Structure formats: structure tokens, C-alpha cells
Amino acid sequence: MGNSGDEDSKRGRAVAPAAAEQDLGGIGAALAPPMTGAWLSRIFNWSRRGVGPRLLAAVLLFSSVVTLVLTALQLYLDYSREVGVIETRLDEIGRSTTGSLGESLWNLDQNQLRLLLDGILRLPDIRAAEVREIADRTNPIRVAVGEPNTRSIVTRDYPLTATVQGAVRTIGALHVEATLSEVYRQLMNRALVILASQAAKTFLVSLFIIYMFHLLVTRHLVAIADFVSRYSLAQPPPPLHLERRPSSDPDELDKVIVAFNSMCANLERAYGELREANANLERDLKIRRSAEEDARASEQRFRDYAETASDWFWETGPDHRFTYISERAGAFGMDQKALIGKRRTDAAFDHDAEPEKWRVHVATLDRHEPFRKFEYRGRDANGRMHHFSVNGQPVFASDGRFMGYRGSATDLTEQHETEERLRQSHKMDAIGQLTGGVAHDFNNVLTVITGTIEIIQEGVADKPQLAAIAQLIDDAAARGAEITSQLLTFARRQPMEPREIDVNALVLETAKLLKPILGEHVEIVTRLADDAWSAMADPSQLSSAIVNLAVNARDAMPGGGRLTLETANRELDGTEGAGEGEPMRGAFVMVAVSDTGHGIPADIRERVFEPFFTTKGVGRGTGLGLSMVYGFARQTGGTVAIESEEGHGTVMRLFLPRSKGEAPARTAPVQAPATARGRETILVVEDDPLVQGYVIAQLGSLGYRTLAAGDGASALALVDQGAKFDLLFTDIIMPGGMNGRELADAVRARRPGAKVLYTSGYTDDTIVHEGHLDPGVALLQKPYRKSELSQKIREVLAGEPPA
């Protein structure tokens, strides 16, 4: 029976919490209207007046919430305790009375049953009790006491058993009801007491807090606000002070006042500076507007650069085929639609040429790793070769699946072309240094040959056969001198005498010379600009350059054709030039020589300016004509450009810097110099023994006395020993660590006013800068003849300006 009672007690206990929650909800519903209605409305309306009322409302609201939560918790704990007492009492009834009730029911003693039930009813909080017989007969026994109820109750059912012939049989049931009404009433009274006491305490504490807040803070905030509202920079009031007892240590309000007074002082000082700045603003307004216009132009320039940047974007799928290419690719000639569905290897031109590079790249893609600056070559929609640099980042789904790559591509074609032009420029400079060195040594040899053959010619003048041989040697030496001159022109080591020239007039004069050179089968046409600018160039060198271009054009038209000479004014923006690393910009006069010949093949177009490079076959050309034109153009400060297509002729354009003057100078015809003699003493400084011997012999034949030295140190030793001489005749390039210019400076430091004549077969930057001789410098270029030597010496000794 005890076990059965325990099971039924668990069943009955499940009813109690639902009832308890119902009644507690009723308590909350009864308290909610007055608290959330008019009371909260008044608090929120009052809280709009200032910081203090809002603080009070916040304290009251928070305290009320805390009080309600704590009260509800206390009531719940009390309710649980009271319900536990009732359940314990019901368990005791089940343990103590079911045996007696079972025995009385088995004996059918209703009076005894009623007495036992009355005893149960007299227990606290028990509302009703009932015994029902379980029997298969008419009118089973049912005894009930108390007043059953359907609300706020806890019920229990206990089985009643009897032992019949050693077996336990269930003969009835005990039903007991306990009321919770008294529990609820006590909880209600307790809640009212707690809420009333807490409300009074909260209200008093809140009033105290609001009073102290007003006393310590809000009244001072009102004073600060009043001061700020009446503050004027035009008539600043005295510093702000609060009416309060000074504290031992500055508090927050003291710090606010100090900071505020400091701010007011700063404002007054800034106001004075502002008035001064306003006075200067009108004066600077024009500059500001100009700066704004420059800023807008700079911003627009940046936008233009951004819109024309050599970048576009792409995406590939898991199979590395393109799924997206941005429209920007079309600006570089790429057909984005044709690339969709292809792999990068399908569009690459160098896939087969560089297999190892592509193997590494494909392995990177298969490992799903990012890559940067992978460069390869490909062709655009028109078949033009491009250099690309691509960056890529793998893309993965949220579940880790590889989705493909996203990245950007940059067109490096222009950069590669620029680097190629720079390499070509370095190559040409290296060749120029080599050819200049060769010309220097060759000119020393030619100087001796040229001077010696003149002596031989004088000695065999009465012997025709020997005179003819001497003339052949003289012509060969002159041809060698011409070749070295062309080499020096290419190497930009040929001293020039640039002056303002009328380009149209020089082209017309040169055209007259071309007719017998080109022959009758070449038609010469001139197209000269009427407003052609004057150019700054050496006229003889320019004429030679035009002749060289014309001869090359004639050779490109073996069956005849048309040669066109053209002039025009051009403003270069850096896009013209023949492979030089530094672009040309500025005002130039263009001289173009075009032909209708077979053109220049693309594979050799970049080599045509190299010295000794020729396609004419053995014995048909030196390969120095175009190299001389190239060196002349660059040394003049201009450039040369080629435009050629096989089967459609060639156009060679010379760009010469525009002269800053107005009227071009015209040169008088040069007369052949006559041999001049003298009796002065000349100090000859020459490191080449052959040249030194030749010079001493020639000077001796002209009547001069000579002193000789093989280097600068030996020459200075003679000067320091007191040697007398009227002219220093020195080579420029010499061994021993001292060149001719340094020697001349050292001699003039010892003997001010000493006269100097330089000679050289190769001029470096010692006396020549930017292709021009330094002012006041006299130079005799190797190889030279006896008449030129005598004429130059007389000019320097006579003090005439160098020609």
C-alpha cells in the first residue's frame, strides 16, 4: 500500500504547479494596471523637464523593476515551501490512515470510516475526503466528508487493500483534497507589505538622490548653459566661476570650468587670427581658385589614367577555363567572347617555346595556390603580339570546394618595347665607344700617311708614274679619313659647329648636288613647308646626312623611282625615335627623305643604324652611311625615325631642334687655305712617336723651332725648367693620367696667357660638350694636311677666334 501511495502522490503532485502559476498570474494581472498605466505615464511626462527628473524617473523605474523581481522571487520561494508542507501532510495521511480505512472498509463499518475521515478533515488545509468501495455488487460503499472544490486544490488518491487467504486485494480508494486558498491569501498579504515598504524606501532614496544631484550638478550645469548662451566673441564676458564651496582637490566640475575658460581664451585668440586670415583671404582668392582648377584638372587626369590603365579582370572555373573577362580587355585588342571557355594555355603564344615555365604554372593551378606576376606572350584579335602579366587568387566555396580562380591581367607590351629600345640604345652606345676608339688610333696613322704623302708628292712631281702612285695613296688616305669621320659622327665624338640654318634653302642646294649622284632614273621631288622653322645644326653635317639617305634610297630603287625631300614643323611627344631609351619632346624641324623602293624587312629594321651593317653585298658599301646619320641626329639634339614596309618604300625622318633665333645665318664659301710659315717656338706634346716625328718634321719645314714631350708630365717639367715657347700644341688623349686640357690648364697657371692649340683624332668630353667645342678652344682634327696645320697655327698665334 505504501508503494502505491507513493506512485499516486507523484501523479497528484503534477497538478499543483499549473494551479500555482495560474494564481500567481492572477496576482501579476491585478498589480500591472496601476503600475504600467497612469503611474508610468506620469513619470515619462515628468522626465521631459530636465536631467534631474529623468534621473529620478530612471531610479524609480529601475528600483520598481528590481523590487518586483525580488518580490516575485520571494513569493515563489514561500509558495514552494507552503505547497511542500501540504504535500508532506498528504503523504503522512497516506502512510498513517490507509491501513485502518482498508480494515474498516473490509468489515463494511461505515461509522468507523466516517470517524476516520472526520479525523483527516480536521487536519490543516484539508478540504474534503472520500472513501469509495471497489466491488461487483449493487450500491458499493461510498463515504465522503467536507466540501469538494475544483480550484486551487491539491488532490491525492490512495488505494485501500485487504489480505484475503494470504493474498492482497484492492477493495477501495481514498481520495483527499487540500486547498491552497489560505496559502494564496498569505502570499497576497505578504506581497502587499513588501511592495509598500519597498516603494516608500525607493521613493525616499530617489528624492534624496535627485536633491543631491541638483545641489551638486544640475544647478551648476544651468549656470554653465546660461553663460554659454550669453557668450559673445565680440564682447567676451569675464571668466566663468561657479557659486560653490571650493574643494580641496579639483573635481569634475572644476576641471570642466578650467577647460571651458581655456577654450574661451583659445576662441578669442582664434577669433583675432580669423579676422586677420579673412583680411588675407581676398588677396589669396585668385590663387585659391587657380589651385582649385589645378586640383580639378589633376583629378580629371587621374580619372583618365584610371580609365586607361592596362588592367582587366578575369575568372576561371574549376577546370581553369575562362568564365568571365571584363570589357576592359577589349581596349587592348582582346576578343573577350572568343576567350570564354578557353584555358590560358590555349591563348598563349609561348606555351611550346617555354614548356618548363608553363609546367610550373599549371602545377600551381592544380595545387590551388595563389600566383603573382606570371608573364607570358599572346596575340590579340588582330594577331599583334602582347606581353601579359597576370595575378590570380583561388576561390573556394563555404564547404571548401575549389570554385576556380579570380584575378587581374596587365598588358606589359609597351613596357617590354621600351626595355627593348633601351637595350638597343645601350648596344648602340657600346658600339659607338668601340668605333670611336678605333677611329682615334686610325686617325693617328692617317695623320702620318697624309702628311708624308704630301712630302713624297713634292719629291716626285717631275716623275709622272711615281706621282700617280702617290696620288693613289693620297686618295686612299682621304677615303680613310672620310670613313673615320663617319665613325666619329656615329659615335657622337665628331666636333660640330651648329648654327641657325634655313633648312629649306639647304635642302634645295643639296638637291642640286644629288642629281648627278642619283642618276637620271631617279626623280627628285621637293615638298617644303612655307613656314618651316630655322634649325640649330651643322650645315655641312646635315647636307652629308641628306646625301647618305639619298644614296641609300637610290640603292633601294635599282630600277628607278621617285625620291621625295620634305620639310615640316613638328611637336614631338616622345613617341618618335629610333630605339633610344629617352624619348624626344619639344619643337623640331623635320627633314624627310622617302623613296619608292623595296623597303626594309622588319627583322633587320632595328639594325640599320649599326656601323658596318649593310645588305648591299661585299664591296658595295661600308655600312656607315645610316650610322653617320644616326650619330649626327643624336649629337645635334634630335632623333631619326624609320617608317618602312616591304614592297612599299621607306621614309627616313630627321628631327632637328628648332632654333630660338629669328633669322638663320648663312655661311660664306670656304676658300682653300694657303701654306703659312713662321719663326716661333712650339712645344709639341704627342704620345704617338710616329705622329710626333711627323709634326716636328712638318713644323721644321715651315720654319718653326720645336720642343717635344711624350706626355703631360714631361711637358710640365720643361715648363718648370724655364723652356721658352710661343705655342703649346698638344694631343687631347694621352697616357699618364693627364689629358691635354689638364695640361693646358697647368701651363696657363704657370704662364698666364699662354696660347694653346689642341689636336685629336677622337674628342671625348674634355673640350667638347653636347657635340660643341667649348668657347675659346682651338682644335685641329686628325688627320690633317700641312696647309691646315700651318693655317691653324697662324690663327692661334695671331689671336684670331677659332674657326
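**Backbone outliers, a hairpin and an annotated helix**

At 47% relative accessibility, leucine 108 falls in the partly exposed class. The model is a predicted one, and in it this leucine sits in the loop that links helix 3 (51-106) with helix 4 (110-121). What makes leucine 108 worth a look is its backbone: phi comes out near 60 degrees, a positive value in a residue other than glycine. For context, most residues other than glycine have a negative phi.

Histidine 320 turns up with a positive phi as well, near 65 degrees, and is again a residue other than glycine. Its place is the loop between strand 5 (311-316) and strand 6 (322-325). Is histidine 320 buried or exposed? With a relative accessible area of 16%, histidine 320 counts as buried, because the cut-off for that class is under 20%.

Further along the chain, strand 15 (residues 639-644) and strand 16 (residues 650-657) run antiparallel and are joined by six bridges. One of the pairings puts threonine 639 opposite phenylalanine 655, its bridge partner in strand 16. The two strands, 15 and 16, make a hairpin with five residues between them. In that turn there is another positive phi, about 85 degrees, this time at glycine 647.

Then there is the stretch at residues 264-294, which an unreviewed UniProt entry labels "coiled-coil region". How much of residues 264-294 is helix, and how much is strand? The chain is 100% helix and 0% strand there, and the C-alpha atoms at the two ends of the stretch lie 38 Å apart.

Methods:
Residues are numbered from 1 along each chain as its sequence is written. This is a predicted model: local features need pLDDT of at least 70, side-chain atom pairs count only at pLDDT 80 or more; totals for chains, interfaces and linings use all residues. Side-chain values use heavy atoms; hydrogens and water are left out. UniProt positions are given in the numbering used here, feature names are shortened, and annotations may be inferred rather than shown by experiment. Helices (H or I, at least four residues) and strands (E, at least two) are DSSP runs, numbered from the N terminus. Buried means under 20% relative accessible area, exposed over 50%, partly exposed in between (1.4 Å probe, protein chains only). Two strands pair if DSSP finds at least two bridges between them.
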